[in-house]
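Got your viewer open and a selection box ready? Load the model below and we'll walk through it stop by stop.

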Amino acid sequence: MMPVVQLLRAALKHAGNRPPRCVMQTTSAVHGVRTHASSCTDGDKPKVLITGGLGQLGVGLAKSLRRRFGKFNVILSDIRKPPNHVYNNGPFIFSDILDYKNLREIVVNNNISWLVHYSAVLSAVGEHNVALAKEVNITGFHNILDIANEHGLRVFVPSTIGAFGPSSPKDPTPDLCVQRPRTIYGVSKVHAELMGEYYHQRYGLDFRCLRYPGIISADSQPGGGTTDYAVQIFHAAVKSGHFKCNLRSDTRLPMMYIDDCIRATMEFLEAPDDVLVSRTYNINAMSFTPQDLTCEIQKVLSDFKVTYNADPVRQAIADGWPKALEDSAARQDWGWKHEYDLPQLVQTMLTHITLGNKLARAF
Ligand SMILES: NC(=O)c1ccc[n+]([C@@H]2O[C@H](COP(=O)([O-])OP(=O)(O)OC[C@H]3O[C@@H](n4cnc5c(N)ncnc54)[C@H](O)[C@@H]3O)[C@@H](O)[C@H]2O)c1
């Protein structure tokens with residue numbers, strides 16, 4: 001077991017260092033279509049629907065959005081039954097994004113103004129079930145786009161490092177470059193980026209898209225992506241002291257801690273319309289290989305061992321992806337700034353997992 005006192009101290013220090021968040025307010029119109037004001041005032045809060053909300057990212061985002069806009073202004077939805085702690089913590093609703101009529105009913109009946117579209121089939125799962133990925137990521141996305149356009153919603157859709165491919169520049173990958181991904185996941189995300197941008201310039205839809213790196217979280221499990229190892233390794237380090245990695249030791253990929261990802265999403269959602277030069281932005285935090293991550297974990301858990309047995313499907317996907325994202329436009333246009341680097345990530349993940357998420361959240 002790791003030195004708990006040292007971890008507690010690091011976690012407390014980290015919690016105390018968080019800068020206060022600034023609040024932006026704006027009302028704007030794009031091509032004659034009303035977009036929604038970002039505001040903290042009581043009468044003017046957005047009503048948010050999150051699709052695919054029971055995945056790795058949705059519950060954490062809902063928690064932050066509820067803190068900001070009120071518990072009942074943020075509705076989680078998914079096609080799965082929520083665990084009790086999610087069900088008891090705020091509105092949850094069944095919503096299959098392939099059911100257009102049901103989606104429209106939810107948006108109308110709940111007076112939804114912002115739609116965060118998280119439902120997706122991720123990279124590794126998508127390669128094993130192309131038909132499902134095509135249906136959820138493309139047909140489902142069309143439903144989201146049409147409903148958002150029909151009802152004048154602000155719609156946020158995450159893209160990914162998987163939207164790039166072997167012919168894209170890799171280190172770093174700029175916002176605008178060749179995008180020829182070789183997975184159905186990547187193809188569907190490029191499609192989403194282009195369709196969203198087209199609806200924005202054609203109809204004035206308030207479409208917003210961030211290309212997330214691999215996201216690392218302690219209290220939610222990844223949903224079948226190529227970067228999943230970077231979450232699983234921490235649980236293995238604490239529980240068994242051994243991890244079998246499904247990527248080669250030198251596979252360098254862009255990654256981000258979930259708190260940075262959630263904050264980026266909230267800040268981008270609230271950014272005034274007129275600062276957004278683009279509708280799709282890269283965001284970057286850190287890049288590392290399994291070997292780098294292992295060394296950093298071994299600074300705390302010196303007996304931790306990793307063996308490598310690369311999965312050919314995941315390795316081929318990872319080999320075609322960026323090593324780092326170039327994100328100066330996000331930093332310049334709407335003030336994006338990451339907080340977690342590799343040492344902080346390792347401290348935080350080991351603290352959460354070692355002490356239990358409940359205790360760690362209390363800091
Ligand atoms: N997690 C990451 O590292 C990462 C990185 C880049 C981009 N993203 C993107 O962020 C979003 C959220 O990612 P995540 O990691 O939480 O995904 P996840 O796989 O953990 O969760 C996706 C959710 O979508 C739901 N879903 C599947 N089919 C559905 C349908 N027909 N109707 C409604 N819901 C359905 C699933 O039940 C699941 O809960 C996705 O769009 C993903 O592409 C994630």
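What follows is a list of stops, each with something to select and a note on what is there.

**Stop 1: the whole chain, coloured by confidence**

Keep in mind from the start that this is a predicted model. Colour by pLDDT: the chain averages 89, and 86% of the residues score at least 70. Now select residues 1-42, where pLDDT stays under 50. The model has 61 contacts beyond four places in sequence for that stretch. Where pLDDT is low, though, the predicted coordinates should not be read in detail. Hide 1-42 if they get in your way.

Switch to cartoon and you have 14 helices and 15 strands to look at. Of the 363 residues, 45% count as buried. The contacts reach a long way along the sequence: taking those between residues at least 6 apart, 77% join residues at least 24 apart.

**Stop 2: the ligand**

Select the ligand and expand to its shell. How many residues surround the ligand? There are 29, and the closest are G52, G55, Q56, A120 and G223. Colour the shell by class and you get 13 nonpolar, 13 polar and three charged residues. Two elements to highlight here are α6 (130-150) and β10 (214-216), each of which supplies at least two residues of the shell.

**Stop 3: along α6 to I138**

Stay on helix α6 and pick I138. Buried or exposed? I138 counts as partly exposed, because it has 16 C-beta neighbours inside 10 Å. Leaving out residues up to four places away in sequence, I138 touches S188 and H191. Draw a C-alpha to C-alpha distance from I138 to A120: the two are 18 residues apart in sequence and 9.2 Å apart in space. A120 is one you have already met, among the closest residues to the ligand.

**Stop 4: the nonpolar core**

Next, select L115, V155 and I216. In the largest nonpolar core, which has 94 residues, these three touch the most other members. Zoom in on L115 and show what it is in contact with, skipping neighbours within four places in sequence: L49, I144, A148, L153 and V155. So V155 turns up twice, as a contact of L115 and as one of the three best-connected core members.

**Stop 5: C245 and I233**

Go to C245 in strand β11 (residues 242-245), then add I233 in helix α8 (residues 229-239). C245 counts as buried because it has 22 C-beta neighbours inside 10 Å, and I233 is buried with 22 as well. Their C-alpha atoms are separated by 7.7 Å, with the residues twelve apart along the chain.

Now show the contacts beyond four places in sequence. For C245 they are Y229, I233, P290, V306 and Y308. For I233 they are F243, C245 and L293. L293 is worth a distance label: it lies 60 residues from I233 in sequence, yet the C-alpha atoms are 8.8 Å apart.

**Stop 6: one side of α11**

Select helix α11 (residues 312-319) and show R314, I317 and A318, which are buried. Why do they sit on the same side of α11? They cover an arc of only 95° around the axis, and that puts them on the same side. In general, an α-helix has 3.6 residues a turn, so residues three or four places apart point the same way. To see what covers the buried residues of α11, turn on α5 (123-128) and β12 (253-257), which are included in that cover.

**Stop 7: backbone oddities in the loops**

Select D171 and P172. A cis peptide bond joins them, with omega at about 5°. P172 belongs to the loop between β8 (159-160) and α7 (184-203).

Then jump to N111, in the loop between α4 (100-109) and β6 (114-117). N111 is not a glycine, but its phi is positive, at about 55°. N111 is exposed, with 10 other C-beta atoms within 10 Å.

**Last stop: S302**

Finish in the loop between α10 (290-298) and β15 (305-308), where you'll find S302. S302 counts as exposed because it has 8 C-beta neighbours inside 10 Å. For a final label, link S302 to G241: they are 61 residues apart in sequence and 9.4 Å apart in space, C-alpha to C-alpha.

Note on methods: Residues numbered from 1 in each chain as written. Predicted model: local features only at pLDDT ≥ 70, side-chain atom pairs only at ≥ 80, totals over all residues. Helix = DSSP H or I, 4+ residues; strand = E, 2+ residues; numbered from the N terminus. Buried ≥ 20, exposed ≤ 12 C-beta atoms within 10 Å, placed from the backbone. Contact = placed C-beta atoms within 7 Å. Near = placed C-beta within 6 Å. Nonpolar A, V, L, I, M, F, W, Y, C, P; charged D, E, K, R; others polar. Arc of directions from axis to C-beta. Core = buried A, V, L, I, M, F, W, Y, C linked by C-beta atoms within 7 Å. pLDDT = per-residue confidence, 0-100.
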